[in-house]
Structures are given as structure tokens and as C-alpha cells.
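Good morning, colleagues. I would ask you to keep the sequence and the structure in view while I speak.

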Amino acid sequence: EATAAPMQVLFNRDDKANPFRDASFVYVPYCTADLHAGTAATTYDWFGPKVVHHVGARNIDAYLARLAPTFGKADRVWLMGISAGGYGATLNWWRVQKAMPWARVDVLNDSGLMVDPAPDGRWPLMRQRWSMAFFPGCKTCDQHLSAALTEQLQLLAAPRRYGLLAFLQDQTIGLYFGLSGPEVEKALATIKAALPAHAAMYQLAGNQHVLLSQPASKTSKGLGVRTWVESFATDAPDWGHAGP
């Protein structure tokens, strides 16, 4: 419960305006340090050898083996995550849709910014140490993290929706990927320009991290985080890019 606290606004069953109030919830904890996408056990030398099981993708497969038969009549799935969970929701979108082909699977990603890390070797190192599992047929995922979103959006078309919540200069993601605030903002602008109509971004100025913990926040034009998420979930025809 404490780990999911930033998303409590989505879990309130007493709120009649909450589009998720009648949904069944499944929580996937994060304990693999691989953005929920790894398939390897790797040994590191931290004052002696230690094995870290970067098996997030395998964990998702194990969850789906249980969840698919349980929700065999579900017609709608919202795959949501914050920070590392946002990456997990994005990187495993195809995996969940494949396991539940009878359902429409949408993604809401809060602050798992699909920007390319600094060109200092960290992305190849991450991929190698984690043995990341991308969706079949991704042509450039090995070179670009952003491709795991942009190419996947070609595979998972409308009426599915993909929503990304982001602070323009998120310092947490910047530190993790070796990027300055302006570099994060520039990378987000590049991704935004390439998004198809069934994907949109809600952006706020600042260098903070995680928007759902601040559901009352609004853009300069007065559109609130919560209102945008509700439009995303209810297929509002005017849903689209917003911010900052």
C-alpha cells in the first residue's frame, strides 16, 4: 500500500468520478532493478561477488500466466506505472496485449520517460547486464530506448491509448540517464513530435518526479492532471497533448 501511495487517486472506489473505481487491481512490485524488462542473473563485485536477478520480464510472464485465465472475460486493461513502473508498463505493453488478445490494453505511464540515455555507454551496458527483452521485431531498440515506445506504437494501434505524464526537466530521470534538465526537455519534445494520434503527453514545467502524487496540479491553461487522466480512460474525443 505504501509503495502504491502516489497512485491512490486512481484507487478510490468511493469517488464516483474515478473511471477506475470498479476495476480489479493487480500490483506488480519492483525488485529487479531492470525497468521490469530483464531476463538475466548477473554477478557484480560489491565487496565480494553478489548475484542480482534482473528478471523483470520473466516475472511479468509469470504474472500473466496467472492473470490471463483469471481475467478471461475482461474487455479493457489499463497498464499503469510510475517511474520504473512506467518503464515497465511501456516495455511490457506488447507482452500483456499478447497474453490477453481478447482485451484492449492501454498504458498510462507517469514519469517513466522514454528518452535516450546519454551517449556514454550506459545504454549498451544496461542492455547487456540485464539482457532486456524488447517486443519482437523492434528494429532499433538495441540502439535507442525511445524506439521501444515509438516502434511499439506502430504495432499497438488505436483504439488503444498511450498516455505519458512528465515534468519537462525531471531531475530524477536526468540523473539516472546522465542528462541535464534542458536535455531531458529536448528529448521529450522529440518524442512528442513523433507520437501518433492515439498517444499523448501531459507535461508540467519543473524538475520534479511523479505527477499522480499531485493530482490537483494544472497546466498554465488550467487543465488538471486528474482531468486529463479521466479523459484518457474514458475515451474522451478531445483527449490529447497538454501542458506545460
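**Around helix H10**

I begin at the end of helix H10: just after this helix, aspartate 235 takes a positive phi of about 60°. Please bear in mind that the model before you is a predicted one.

Helix H10 itself covers residues 225-233, and its buried residues are Val225, Trp228, Val229, Ser231, Phe232 and Ala233. What do the buried residues of H10 pack against? Their partners are helix H1 (8-11) together with four strands, namely S3 (76-82), S4 (104-110), S5 (162-167) and S6 (199-204).

Let us return to aspartate 235. Its side chain makes a polar contact with the side chain of arginine 104, at 2.7 Å. Arginine 104 has its place in strand S4. Is arginine 104 buried or exposed? Its relative accessibility is 14%, and because buried means under 20%, arginine 104 counts as buried. Leaving aside neighbours within four places in sequence, the residues in contact with arginine 104 include Asp75, Arg76, Val77 and Gln97, as well as Asp235.

In the loop between helix H4 (93-99) and S4 we find proline 101. With a relative accessibility of 57%, proline 101 counts as exposed. Proline 101 is separated from proline 69 by 32 residues in sequence and by 12 Å in space, C-alpha to C-alpha.

I turn now to strand S1, residues 40-45, where the side chains alternate. Ala40, Thr42 and Tyr44 point to one face and are buried, whereas Ala41, Thr43 and Asp45 point to the other face and are not buried. Strand S1 pairs with strand S2 (residues 49-54) in the antiparallel sense, over six bridges. Within this pairing, threonine 42 stands opposite valine 52 of S2. The two strands form a hairpin with three residues between them, and in the turn phenylalanine 47 has a positive phi of about 55°.

My last topic is the cysteines. How many disulfides does a search of the whole structure find? The search finds one. The disulfide is formed by cysteine 138 and cysteine 141, whose sulfur atoms are 1.9 Å apart. The torsion about the S-S bond of this pair is about 85°, so the disulfide is right-handed. Cysteine 138 and cysteine 141 are both buried. Cysteine 31, by contrast, counts as exposed, at 64% relative accessibility.

Thank you for your attention.

Note on methods. Residues are numbered from 1 along each chain as its sequence is written. This is a predicted model: local features need pLDDT of at least 70, side-chain atom pairs count only at pLDDT 80 or more; totals for chains, interfaces and linings use all residues. Side-chain values use heavy atoms; hydrogens and water are left out. Buried means under 20% relative accessible area, exposed over 50%, partly exposed in between (1.4 Å probe, protein chains only). Contact means heavy atoms within 4.5 Å. Two strands pair if DSSP finds at least two bridges between them. A polar contact is a pair of N or O atoms within 3.5 Å; within protein, one must be able to donate a hydrogen and the other to accept it, and residues adjacent in sequence count only if both atoms are side-chain atoms. A disulfide is a pair of cysteine sulfur atoms within 2.5 Å.
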